[in-house]
Structures are given as structure tokens and as C-alpha cells.
Amino acid sequence: MNFKRREFIKISGITAAGSLIIPPFFNSCKGIALSDNAESYLNHFEVTRDILQKVISAAMEKGADYADLYFEHTLENYSSLEDSKVNSAYSNIGSGVGIRVVKGEQTGYAYSEIISADAMLKAARTAANIADSAAKFSPVNINEYIPPNYYTIKTSWEGTSVKDKIPFIQRLNDNIFAGDKRVTKVNAVLGDSTSYILFYNSEGLLTWDYRPMVLLYGLCIMEENGRIENFFVGRSQRMGSEFLTNELIDELSKEVVTKTSLLFTATKPKAGEMEVVMGAGESGILLHEAIGHAFEADFNRKNTSIFADKMGKKVAENFVKIVDDGTLPGKRGAMNIDDEGNPTEKTIIVNNGTLSSYLHDRISAKYYKVNPTGNGRRQDFRNIPIPRMRCTYMENGPHKREEIIASVKNGVYVDSFSNGEVNIGQGDFTFFVKFGYLIENGKLTKPIKDFNIIGNGPQALADIIMVGDDLLINDGIWTCGKDGQGAPNSMGLPTVKIRKLTVGGLNA
Amino acid sequence: MNTKEKYDLADLVIEHALKSGAQQVSVNIYENRSNNIEIRDQKIDSLKESNQGGLSINLYVDKKYSAHSTNRMKKEELFRFVDEAISSTRFLAEDEFRMLPDPEMYYKGGGTDLNTFDPKLDAIDAKTKINLAIQALDEAFKKDERIISVSSYYSDSITNSVMVASNGFRGDSGNTNVSLYVTVSLKSLTGRPNDYWYENALFFDKLKKTDIGKKALERTIKKAEPKKIKSGKYTVIVENRVASNLAYPLYGALQGSSIYQKQSFLIGKENKPVASPLLTVYDDPLMPGGPGSRLFDSEGLAAVRRPVFEQGILKNFYIDDYYGRKLGMRPTTGNSSNIVFNLGTRGLEEMIVSVKEGVVITGFIGGNCNGSTGDFSYGIEGYFIKDGKIVHPVNEMNISGNMTEFWFSLKELGNDFLENQATRIPTLMFENVDLSGI
């Protein structure tokens with residue numbers, strides 16, 4: 001149900017989702033990996049230009065303003081390690097076509113898991129009912145749009161056997177066990193997915209995308225004198241199987257062993273308001289929760305966002321510049337086109353401290369009379385596209401990391417998180433800290449762990465009083481949830497200091 | 001596909017998988033139809049109709065295991081899908097614990113109808129559903145000059161599924177659900193507070209269709225202009241609507257997989273006190289008309305009513321067949337059903353009156369719990385209570401603690417669980433709880 005507020009989670013060891021092993025599982029469609037012409041995608045879905053036109057005409061027959069077709073075929077594989085062996089695997093195949101019909105701000109939506117002319121026409125007529133006049137739609141000429149490519153792939157996942165994946169998962173496990181005598185359990189999962197997307201709309205736009213994604217994570221459990229600690233590391237990118245290298249595995253295993261062992265000395269911070277320094281990288285979660293969601297244009301169009309009347313207003317210090325970028329090569333949040341066929345871009349949300357753009361889908365762009373920003377995304381063909389973030393980060397500022405930490409008398413430094421959430425209307429946002437340090441008299445001192453930080457979006461944005469020059473884009477496995485739909489994201493931040501946030505700690 | 005066609009297809013796929021080299025197989029085939037309607041400010045915002053289906057399969061091949069799912073249901077494609085799945089399973093490492101459950105533990109048919117399927121729901125027309133959502137919205141729309149947006153949602157879902165295992169299990173089930181939800185946003189001095197109310201039911205006729213918009217509006221108005229209070233230890237009342245948020249970590253820690261992976265703070269606590277003696281909770285899959293009711297679980301194990309906590313003592317974990325074997329424990333079930341808390345004698349209002357200084361939690365935002373240690377910290381919103389009265393709304397605060405101690409501070413359970421929820425949890429009161437604010 002879509003009753004939950006905006007949530008953000010990092011996939012964690014215990015929620016390993018289901019799925020697969022050896023491609024190509026899918027023989028009914030000819031594998032076309034990486035081709036960049038319309039024909040190969042039309043053939044893949046076994047449709048013709050003529051059928052596309054017919055289905056769009058049916059979708060428009062009740063007088064709609066706009067309609068689109070979103071064909072998707074996704075193959076997912078997960079290989080999972082427990083007890084030091086890669087001993088289970090999951091796979092999933094999903095394919096179908098989503099048909100959307102728009103009249104003003106109103107949307108009709110239906111989909112079919114069977115891609116035949118009859119099934120599509122039926123779904124189109126169902127979706128068409130959002131409009132209620134009789135109208136004749138004359139098909140327009142088809143314009144093909146060849147998107148740029150932000151994810152170059154050397155070896156596709158479809159061309160990679162489970163046999164080739166296992167050694168890397170095994171190495172992650174073996175490294176972690178070798179890294180510390182206290183390690184008692186390791187879980188590791190490698191997941192990959194490949195999506196074929198074909199898009200056509202009532203304006204004649206025909207475009208396509210081939211989307212790879214990979215995620216790899218390791219969960220380390222250590223025990224010492226009856227005390228158990230766990231830590232999780234993961235990476236995700238839009239890449240082919242060249243993602244898997246021994247260097248990456250070694251880096252991940254080192255990181256997880258180091259962090260897990262530090263937890264044995266970690267405590268909980270004191271409760272209450274204090275200065276917070278957010279370390280470069282994962283701390284981009286601050287932007288995602290405190291600001292990003294509230295800038296998604298649907299909430300503003302509906303007037304429910306706390307930023308709904310702030311366009312063009314000063315919301316932060318001059319040195320604050322925040323962007324949402326779909327074009328960073330290979331990033332989890334990158335997309336060649338969004339799920340409404342629009343090109344993605346680097347959208348500047350806050351420039352010189354001033355709110356400069358919302359994140360738009362087609363409906364909100366039309367409502368605000370601006371160009372779409374390429375933020376219309378959907379979980380899959382079964383879902384209506386809505387404005388979503390891609391890779392959200394803050395550009396470098398004038399300060400140095402050392403000077404930022406040195407400026408704090410009593411506060412916390414945080415850089416590892418598991419999840420966050422925001423309430424769009426009141427502006428409250430949170431993120432859960434897995435690991436950080438106390439800052440005492442300008443120095444990082446005791447490790448701290450497992451506490452929630454809560455703040456208010458507009459206040460926190462105004463309270464960003466120092467920004468470092470060490471921007472780091474994080475390649476963690478971030479998935480954002482909104483209206484019941486998940487979407488992969490990336491994010492980043494330079495070291496940043498916030499005047500005060502409420503730290504969920506203990507009272508003396 | 002009707003139920004017989006699903007069984008026939010499942011049988012065919014199993015036969016093919018056994019012929020192709022699997023020693024054991026189980027197959028699940030499902031179909032789901034759903035409608036989602038969103039009304040905003042008296043206009044339809046979106047109408048969505050969903051029809052989906054799929055097949056999932058568990059394969060046991062030469063002591064190796066894999067699971068797969070697809071929504072491509074043509075027979076020839078399924079066969080090819082299974083063939084490739086079997087050949088790739090052979091690359092995996094052996095796992096001696098992977099096998100289908102002992103048929104002795106399966107549900108063997110003959111169970112009574114648990115009343116989880118409304119045969120009439122499918123025939124309700126779109127207009128009726130749209131009107132219901134509009135009515136719900138109208139209870140709030142323009143009823144207060146501060147309102148900036150009201151949205152209402154109608155949704156329903158019809159699911160039918162069949163499960164067959166090669167060592168003898170056969171079972172089918174049907175579930176329906178229907179819900180109405182309203183959310184209201186207000187313009188206030190400090191922000192745009194929003195809140196919601198919803199009702200749901202398994203049967204269309206049983207859905208409560210009034211007072212949804214009204215309650216959503218009342219709740220939103222009560223939340224306007226919140227402020228945080230001083231950090232400290234307080235008596236905390238957690239409203240029934242959100243109380244299950246605090247119970248989830250317990251349920252996570254009761255899972256066989258969590259115990260095996262050492263991600264459970266309840267390891268070794270069977271038959272030991274883990275909560276206040278006030279706490280008794282049953283897992284009751286056989287309750288007629290319960291949202292979590294079922295005759296068998298996802299592995300086919302026959303449903304049994306079991307105590308989870310009895311007077312604060314941990315009585316049963318959630319152990320599925322696989323982790324049961326790995327842990328050397330008798331399987332119970334890996335999936336919770338209806339979680340039924342015992343009740344007290346008073347409701348929320350009476351509890352508030354009895355509190356000298358404390359907080360009512362009406363919503364959680366973010367936060368998490370470390371499964372290995374039980375350390376938790378969640379964002380909260382609600383009301384500040386002083387001398388038995390609500391003084392003002394609070395927000396932007398955290399509740400923190402450790403689950404292994406927290407449940408001992410349970411002081412009272414209410415008498416007021418919400419109908420039609422799989423977790424029948426009442427309002428809860430805890431003492432001496434760490435809250436972080438100013």
C-alpha cells in the first residue's frame with residue numbers, strides 16, 4: 001500500500017531479495033544486447049510501428065491529451081553465499097507493457113503482461129477511460145530518438161555465467177574471514193539485472209534503453225566475549241560484469257572488517273541537539289531526505305511540500321549548490337532516458353543558496369510550464385511514472401575537512417548510514433547512523449553507532465554553515481521508496497557541517 | 001486461469017522439471033487483479049487497473065538449490081526456463097539441508113474456510129469505487145480554511161494461488177482486500193502538517209466507509225504547530241495505529257534466518273523472560289476472517305496456533321523448514337500470520353489521563369534497530385502530555401533504547417486494537433523511555 005511516507009533504504013544482508021543465475025534465461029526474444037537501433041527493440045518485443053500506432057490511437061480515442069507505451073523486459077539474477085559457500089541462487093523474469101493516458105493532471109493506467117495486439121488494445125481502452133469525450137486521434141509521424149549512453153558495458157550480464165560470478169563472491173567471503181579472527185559469519189550476495197526498454201508516445205517519440213545494473217554486498221558478523229557486532233558494505237553500478245575485479249573485492253572486504261571491528265569500541269552518543277559534521281560520500285542521504293523529496297514537483301504541484309512556495313527564494317548559504325544528475329557514467333542513479341522517454345540531465349536544484357528548479361515529470365513540467373528535467377521514473381511497467389531523484393549531490397564548497405572538524409567543540413561526525421525517511425509536509429527528516437565518531441574540542445574521539453538523527457528540511461538547509469572541497473559520490477546500494485515504488489539512486493556530499501540536528505542518544 | 005488450470009500447469013511444470021534432472025520441485029502459480037483510484041480535491045487524479053500473474057519454482061538438483069520466478073506463462077517458454085534453471089543450479093555448491101519439508105508436516109486438506117475471499121468483490125463496478133473515494137474525501141474537503149490538499153484512495157486486490165510440491169503437497173488459497181484512505185494537508189505557521197486515516201477489510205460489504213476523511217482532518221488539525229520538548233526519560237504511550245513499529249524488531253529477531261546469522265538479540269532466550277509479564281502474544285493463522293489467516297504457510301506447512309510470548313516468556317521462534325534443519329530446531333513456520341496481543345482494560349484517552357508527564361507517539365519516521373544487539377532509535381511525532389492532558393503536538397524527536405530491556409518497561413496494554421489488521425496490537429504504555437529533543 002502506498003500509505004507510507006518517503007523512505008530510503010540501503011539493501012541489507014537480511015533482506016536479500018529473490019532471483020537468478022545463468023542467462024540468457026530468455027530465449028523467446030532474440031538477445032540483442034547493446035544494439036542502438038529501433039528495429040532490434042521492436043523485434044525484441046515482437047511489435048511493429050503499425051501496432052504501436054494502433055495502440056496509441058486506442059489510448060487516445062476518448063479525447064486524452066497524451067498517451068505513452070512503456071515496454072519492459074527485465075532479467076534479474078542473484079547468487080547468494082552462506083556458510084562460506086555460494087549455495088543458493090534466485091532469478092526473476094518480468095516483461096510487459098504499461099499504457100498511460102493523461103488528460104490534464106489526470107492519469108489512466110493499465111498494463112499487460114502479454115505483449116499481443118489484442119491484449120495491448122484492451123489495456124489501452126481501459127486506460128483511455130480517464131478521458132470521457134469521443135475524439136478521433138490521427139497518428140503522428142514517428143520520430144526516433146537515439147539516447148546518449150551513460151553506461152558503457154564491456155561484458156553484458158546476459159553473457160556472464162554464474163560460474164564466472166562465484167569466484168568473486170567466494171573471495172569476498174574468504175577475505176573477510178582471513179581479515180579478523182573474530183569473524184563468525186559472512187553473508188554475501190551478487191545481484192545483476194538487465195532491462196530492455198522501448199518507449200513510444202502520442203507525440204510520435206520512439207526511443208529505447210538497455211539498462212544494466214549490478215549490486216554486491218557483504219555482511220560481516222564478529223563475536224568477542226559474547227558480544228556480537230555486524231556491519232554491511234555494498235556497491236552498485238550500472239555496469240557489465242567487468243564490475244567484478246579482485247581489487248573491488250579486496251577493498252570491500254577490508255572496509256567491512258575494519259568497520260565491524262571498530263564497533264566493539266563504539267558507544268551511543270548523548271541525546272539532544274548538537275552540531276553534526278557529515279563526512280563526504282554516503283552523507284548525501286542528507287540531501288535525499290532533507291531536501292530532495294520536497295523538491296520533487298508532484299508534492300509542490302499538489303501544494304503539500306514544505307518548499308511549495310519557495311521557488312526563487314534564498315534557502316541556504318551562498319556556497320551551497322545542490323544538483324540532481326542522471327548523466328554520471330555508470331552510477332546507480334544514471335539513466336540514458338527517463339521512464340517517460342525524456343533525456344536525463346544535470347538539474348541544478350539549489351544554486352548560490354537559491355532554490356532554482358524542482359524535479360519534474362511530464363505532468364508537473366506542463367503544469368509549471370517548464371521543460372521536463374528527466375526525473376519521470378517508475379519501478380517497472382506495472383507502475384505510473386512519478387518525479388524521482390537520480391544521483392543527488394552537493395558541489396564542493398570553500399572549506400577544508402580538517403577545518404570543519406576542528407571548528408566543532410561538542411558534536412558528532414557521521415559517515416555510514418542504513419536508511420532515512422522524510423515527511424514532506426512538515427519537513428521532518430531522519431537518517432539512521434550505523435557508524436560515526438564523537439567530536440570533542442575539534443577532534444574525532446570515540447566511535448559511536450546505531451542512532452537516529454532527526455531534523456527539519458528547510459532549517460537544516462539554512463543551517464549548513466560549512467561545505468568542504470572533497471565531494472565524493474557514493475556507490476552504495478541505495479533504493480528509494482515512494483508511493484509504493486522502488487527506484488535505484490546514487491548520492492554524494494562533500495564534508496558538511498550543520499549547526500544543529502537532534503541526535504537520538506541516551507539521557508544520563 | 002481457474003484453479004484447476006493452475007493445478008494442471010503446476011503439475012506439468014513439475015513433471016518436466018523432474019524429467020529434466022531435478023529430484024524435488026515445488027511450484028506456486030498466482031494471479032492478482034487490483035484497482036487503485038486516487039482522487040485529489042474532488043477530481044480523479046489517477047485510475048489504475050492491474051492484472052498480473054506469475055509462476056515461481058523451487059528446484060532441488062543433486063543437493064543444490066535455486067529458486068526462480070517469471071511472468072511469461074506460455075508452456076514452451078516455461079519448460080525452457082526450467083531447463084536452463086536446472087543446468088545453472090548445477091554450478092552451485094551443495095547444501096545438505098536443502099530439501100522439501102517432511103510431508104508429515106504438510107497441510108493435508110479438509111480445513112475449514114477461513115473466510116478470506118470475497119467472491120462479490122470482482123463484480124463491483126468502477127463507478128461505485130470512485131464514488132466511495134469521493135465520499136471519503138468530501139468529509140474533509142473544504143471543511144477547514146487551512147486545508148491545502150485532500151487526497152483519497154480506494155484500492156482493492158483479488159489474489160488466487162495454487163501451490164504444488166513434488167513430494168505430495170497440494171493447496172490453493174484466495175485472498176481479497178479492499179481499503180479506503182484519506183490524507184489531508186494543512187497550511188500552518190511552521191509547515192504543512194499532514195495526517196491520514198484509513199479503513200480496510202477483506203470483504204467489500206464489511207468495509208467501514210464513513211468517518212475516514214473526517215478522522216484524517218481531525219488528526220491533521222491536532223498536529224499543527226508542533227514543537228519538540230527537552231531530552232529526557234518519559235512515560236510513553238504508543239498509539240495502536242503505529243505500535244507494531246516497535247514490535248517488528250522482535251519479529252525480525254524471532255526468525256530462524258536471523259538466529260542462524262547471529263542477527264538476533266533473542267538467541268538462546270527460548271523459555272526465558274524477554275518482556276514484561278504483561279505481554280502475551282499468539283500467532284493465530286486459523287482465526288476466521290483474519291487478514292493473515294491461512295491453512296498453510298509458504299512452504300505448505302500446516303497452520304498451527306502458537307504462543308509467541310506468554311507472560312513475557314519467549315515460547316516460540318519463527319523457524320522455517322530449511323533453518324529448522326540447519327539449527328537443529330523443530331520447524332514452526334517462517335511466516336507470521338495474525339499476530340494477536342492480549343488486551344488490557346483501558347483505551348488511549350484513559351491512559352493519557354493517568355500520565356503525569358509523557359508523550360503519546362502517533363507516528364514514526366525513519367530509524368532502525370540493530371538485529372544483533374537490539375539497539376534501536378526511531379524518529380517520532382505525537383503529543384506532549386502534562387498532568388493527564390495533551391498540551392501540544394511534538395515532532396522532530398527520537399526514541400532510543402535496546403530491545404532486550406525496552407519490553408520490560410511495558411507498563412500497560414490497551415483494550416483498543418484496530419480491526420482488520422494482521423497485527424492485532426493495542427495502544428501500549430512504556431515507562432522510563434529515552435527521548436531526544438532539545
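Which residue stands opposite T107(A) in β2(B)? In this predicted model, the residue across from T107(A) is S46(B). The pair belongs to a stretch where strand β4 of chain A (residues 106–112) runs parallel to β2(B), with four bridges between them. A second pairing also crosses from chain to chain: strand β3 of chain A (residues 85–103) and strand β3 of chain B (residues 64–70) are joined by six bridges, again in the parallel sense. Here A89(A) sits opposite S66(B).

Stepping back to the contact between the chains, chain B puts in 71 residues and chain A 77 residues. On the chain B side, the top contributor is strand β2 (residues 43–61), with ten residues. That side of chain B breaks down into 36 polar, 18 nonpolar and 17 charged residues.

Within chain B, β2(B) has partners of its own. Strand β1 (residues 24–40) lies antiparallel to β2(B) and is tied to it by 17 bridges; one of the matched pairs is N35(B) with E49(B). The two strands make a hairpin with two residues between them, and D41(B) there adopts a positive phi near 45°. Next along the chain, β2(B) and β3(B) are antiparallel too, this time over seven bridges, with Y60(B) facing Y65(B) across the pairing. This hairpin also has two residues between its strands, and D62(B) in the turn shows a positive phi of about 50°.

Turning to the domains, the assignment splits chain B into domain 1 (3–222) and domain 2 (226–438). Their centres, taken over C-alpha atoms, are 25 Å apart. Where the domains meet, 19 residues of domain 1 of chain B touch 20 residues of domain 2 of chain B. On the domain 1 side, the elements giving two or more residues are β4 (147–165), β5 (170–186) and β6 (194–201) of chain B. By class, that side holds eleven nonpolar, six polar and two charged residues.

Further along chain B comes an open sheet of five strands, ordered β10-β9-β8-β11-β16, with mixed pairing. Its edges are β10 (313–314) and β16 (423–424) of chain B, each of which pairs on one side only. At the β10 end, strand β9 (residues 306–310) of chain B runs antiparallel to β10(B), and two bridges link them. In this pairing, E310(B) is set opposite I313(B).

Conventions: Residues are numbered from 1 along each chain as its sequence is written. Chains are lettered from A and ligands numbered from 1 in the order in which they are written. This is a predicted model: local features need pLDDT of at least 70, side-chain atom pairs count only at pLDDT 80 or more; totals for chains, interfaces and linings use all residues. Two strands pair if DSSP finds at least two bridges between them. Two residues are in contact if their C-beta atoms, placed from the backbone, lie within 7 Å. Ala, Val, Leu, Ile, Met, Phe, Trp, Tyr, Cys and Pro count as nonpolar, Asp, Glu, Lys and Arg as charged, and the others, Gly among them, as polar. Domain bounds come from an automatic or database domain assignment.
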